[in-house]
Structures are given as structure tokens and as C-alpha cells.
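User: I've got a structure open and I'd like to go through some of its geometry with you. Can we take it one question at a time?

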Amino acid sequence: MARTARVADIPSFGAIDRMAGNLSRQVAQAVRDAVRKGDIGPGDALPSTRLLAASLRVSRGTVLEAYEQLIAEGFLEAKRGVGTRVAQALALERAPSETRARRRRSAVADLPENAAAFAALAREFTPLAQVPFAISVPVGLTAPADVWRRLGNRLRAKGPGAPAGYADPLGARSLREAIAGYVRKSRSVRCEPEQVIVTSGTQQGLFLASQVLLGLRDQAWVENPAYRGVTAVLEHTGHRDGMVRVPVDAEGIDVEAGIRLAPYARAAFVTPSHQYPLGVPMSMARRSALLTWARAQRAWVVEDDYDSELRYEGYPFPSLQGLDPDRVIYLGTFSKILFPSLRLGYLIAPDDLVDAFCGARVLMDRHPPNADQHVLAAFMAEGHLERHIRKVRNVYSEQRTHLIATLGALLPKDLAWVEPGDQGMHLVLWLASGIDDRAIVERAAKAGVSVRAVSPMFSPGSERPGLVLGFGGFDSAQMLAAAQRLAGVISDERKARHKQRKQSRKSRD
Ligand SMILES: Cc1ncc(COP(=O)(O)O)c(C=O)c1O
């Protein structure tokens, strides 16, 4: 079937003033303005002369005259059977995207403080190119594939996933039931479907938790280091000063240190199954200490359980929520185990907080998009999720072993070494002190390798350089090639440091 070109709606056409003289000239100018403002672009089809004349209530001849003028100017092109379009050649004259990005950056200087801070955040959270070692890229064996597509086609066409009116802000009942059943069984979470709020991922859950749980002057414990998604939420929702960074050691968050630093904090944001980014699970002693503190202070624990399904040695740790469902807000996501673009996760709240979370959620986006919720509910109810998890766990386990061995063999040991962890889909590669991990990230990106810097995950003054490497989605050959390029980038850093030291010695002598 022939593809139909986009027929442009041109809002600026509403501005034609019948008292202001020559109408066809006005129509022509409106088309030029619309192209200049970006309302329509090169290749877009214009409405037919008949349609546009009817909608502007002018004669067809008026529109015809305007189009002919613009064709003569090279602004429009007309081809038999395809209609009239904005000339493709104009694409070359438009500002290249790099210039536009530069203009956007310089405009930041004039923005209000909040807007400038959010603009900086947008740059920080730019998604990585989907090449090794980006995290959670569903390709090949780790993509849910045919079943997902089949369920999607069926449920979107008719039934619960078809277009409908507003739905339950807590999420589709069938999905909330499937999630409650799943987390009860696999994570020992104690909950009913009424406590499950479907979110558009853990990021939204973290944002909602900051809105619902924290007053303006409240303090909150946050692990040091921590996921930037949580520290950024607190920084940008008015809790920068109330954020108390609590050190993490081999047993997870140091609860005694937290009590010393902020005994009356209102909440603690933690990743107990698999500390992010270090990968350690929180010990049983720390779990009890944390919950004992939370009970005594009537504080909340926000448990980010982002990739607990993927433990390779032994069984996954049960959730903190299962130990005290009244004090823990549990956050889960399908980004890791299925794919991030799905944008579906869940927040499980104690009964007395469900309405509060529901209200905060309504203000953000009313409810999650309907169709994929039903596809996911069916995927879970028919047992595909559990099968998928078993499959990807095997794939990731092999890839992890392979990557650790490859990095060990390729990397200059005095500059970079692996902190493997025992679960998840990423590992940390520590870099020797003095190496700028952000610079390595940029140079690696130029070499076609995606990594994230660890130092921004620490509080200012306590940074350690390192890189987060994901090992999902890519085959061994791709990971080997990427590891070789990364080793090259890191070795170049050694040469640069060597040169620098030589120069500074020279200038001292
Ligand atoms: C520790 C941690 N929490 C939360 C998230 C965000 O997950 P989501 O995609 O569900 O927003 C991530 C994603 O990388 C993560 O690493």
C-alpha cells in the first residue's frame, strides 16, 4: 500500500484577516510563516486547494493563486497524484540540529533558576546510545518477542486494551492483581491488589514518595553512593538541604551512621536487595536495625527493589516490605526484567497511604496508559513473565561471567578493576583515583561504548571514580569488541596522566 504523506494542519491559517487586502497574498504569507515557525516542514503535504478554500471561506482560485506563487518561489512542489508539498530542498536551509542545540544551551542563561536546573537535568539524563555497555537493552534473547506482540495485537484491537475513557488512577485491576500475586510469591511482599499503584516506572514512584512523605523541613536518608534518579528527585523537589547522605559499606546502608547524622529523618530511601550502584545486599542485621529505627521514629522506608529477580548465586533476598508492611513503601519496575520503554512499574503502599499516593499520582498523569497494562497483565497471568525471567537470568548469568573474565584480561589492573556483585544486570568498574570518570564516559561514547560515571552518584567531597557497565542484551562478540575499545580509552588515560606528570615535573625543575 502506498504511504500517505502527512497532511499538515496549519494553525496560523486561522489568522487570515479578510479586511487586510489581497487574500491570496495573505494565504501565501501564512504558508511561509508556518514553515518558518516549524508548524509544517519539508515534505509535508498541504491541504488540497478545495479543502483549504472551504475551511478559510475563500474562493478556490484564491488558494490556487497562493500555491502557484509559492511553487514559483520554490517554496512548494506539486506533483501529479501526490498533491502539493513543502519543498524538500528547504530541509537543507533549516538550522542544523547542532546549531539549534547550541542556541538552546545559550538560552539557559536567561531562564528562571528552576528552569535552568531542570534543563541541566535533561542533559544529565540523556539516554545512552544502545550499544554495550548500556543497561537494560532488550535485544535478541532478552526481548519478550512474539508472545508480547501477539498479546498486544489481540488486546489493543478489542477488549480491555482498546481505546476507552479515563480509567482507575491506581491502574488496571487485572494488572494490580497480577502484580500482587507475583510479588507475594517471588519477593515475600505482603499486600493486597488494593495497595498496588501502577506507576510509569520506579522513577515516578520515587517522585511520588518525595511528594507524599516529606514535608518542607523534613530530612530523608539517602545512600551514599546512590542512584542519581533518587538524589535528583530530592534536589529538585525542594529537599536538597534535607537530604542526608548515609554511607554504605559491605552490609549496605550504615544505619548507626544514619541515626547519628539525622535521628529524626522522615524517610530512608534504600536499595536493600542490590545496593545501587555497588551491588551489595543489605545484611539481615542492618535490615532489622533500619526497621527498628523506622518504627521508633514513625519514619518510612522507601524500598527500591529494581532488579532483585536477577540473583545468580543463591536465592533472591526477600523484600524489606515483607518484614514490616506498615512502614515500607515498596517500588518495583518492569524496566529491568522486561524493557525500559514499557514505562511500567508499581508502588505498594501501606493501606493508610494509598489514597495519598493516588491523589499525588492523579496530579501527575491521571493514570498509566491503558493498553500496555492489559498486555502486561495477560503476559503475567499466562505465566510468560516467570518463563521470561528464567530465560533472561540464564542469559545474564553467562554474560556476566564472560564480561568479568574479559575485563580482567584486557584492563590495565593498576587503572581499573571490577566490583562484580552477585546479581543484577550491571557491574561497577572502579578506576584509579585521579581518573576523571566523566571524561572517560565522553571518550568511550566517541569510541561507540556506553558507560555511566559513578562519581556523580556520591555526595560532593566523597566521590570515587568508576563506571557502571550493563551486560544485558549484547552478545559475547559485541561485548568483547566494546571491552577492547574501553580498555583502549582507559589506557590512553594512563598515557595522558604520564605526560601530565612529566610536564609538571619539568615545570618544577
Ligand atoms: C536503582 C534504580 N532505581 C530505579 C531505576 C529506574 O527504573 P524505572 O525505569 O522503572 O524508572 C533504575 C534504572 O536504572 C535504577 O537503576
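Analyst: Sure, here are a few questions and answers on this predicted model.

User: How are helix 6 and helix 10 oriented relative to each other?
Analyst: Helix 6 covers residues 113–124 and helix 10 covers residues 228–236, and they pack at an angle of about 175° with their axes 12 Å apart. The cut-off for calling a pair roughly antiparallel is an angle over 145 degrees. Helix 6 and helix 10 are therefore roughly antiparallel.

User: Which residues of helix 10 meet helix 6?
Analyst: On the helix 6 side, the contact involves Ala117, Phe118, Leu121 and Glu124. By class, the residues of this contact split into four nonpolar, one polar and two charged. The partners in helix 10 are Arg228, Ala232 and His236.

User: How much of the ligand's area does the protein bury?
Analyst: Start with the polar atoms: an oxygen atom of the ligand sits 2.7 Å from a backbone N or O atom of Thr202, and a ligand oxygen atom lies 2.9 Å from a polar side-chain atom of Lys336. Taken alone, the ligand exposes 400 Å². The share of that buried by the protein is 90%.

User: Which residue has a side-chain N or O atom 2.5 Å from a nitrogen atom of the ligand?
Analyst: The residues around the ligand include Gly201, Gln203, Tyr227, Asp304 and Arg343. By class, that shell has three nonpolar, five polar and three charged residues. The side chain that puts an N or O atom 2.5 Å from the ligand nitrogen belongs to Asp304.

User: Where is the cis peptide bond that leads into Pro225, and what is its omega near?
Analyst: Most peptide bonds are trans. Pro225 is in the loop between strand 4 (220–224) and helix 10. The cis bond runs from Asn224 to Pro225, with omega near 5°.

User: And what is omega near for the bond from Pro132 to Phe133?
Analyst: Phe133 is in the loop between helix 6 and helix 7 (145–157). The bond from Pro132 to Phe133 is cis, with omega near 10°.

User: Is phi of Arg57 positive or negative?
Analyst: Most residues other than glycine have a negative phi. Arg57 is in the loop between helix 2 (49–56) and helix 3 (60–73). Its phi is near 55°, so to speak on the other side of zero: positive.

User: How far apart in space are Asn370 and Pro420?
Analyst: Asn370 is in helix 14 (residues 370–381). Asn370 and Pro420 are 50 residues apart in sequence. C-alpha to C-alpha, the distance between Asn370 and Pro420 is 38 Å.

Key: Residues numbered from 1 in each chain as written. Predicted model: local features only at pLDDT ≥ 70, side-chain atom pairs only at ≥ 80, totals over all residues. Heavy atoms only, no water. Axes fitted to C-alpha atoms, helices over the stretch in contact; angles between N-to-C directions. Helix = DSSP H or I, 4+ residues; strand = E, 2+ residues; numbered from the N terminus. Parallel < 35°, antiparallel > 145°, perpendicular 65-115°, else oblique. Contact = heavy atoms within 4.5 Å. Nonpolar A, V, L, I, M, F, W, Y, C, P; charged D, E, K, R; others polar. Near = heavy atom within 4 Å. Polar contact = N/O pair within 3.5 Å; in protein donor to acceptor, adjacent residues only side chain to side chain. Areas by Shrake-Rupley, 256 points an atom, 1.4 Å probe, with all protein chains shown as cover.
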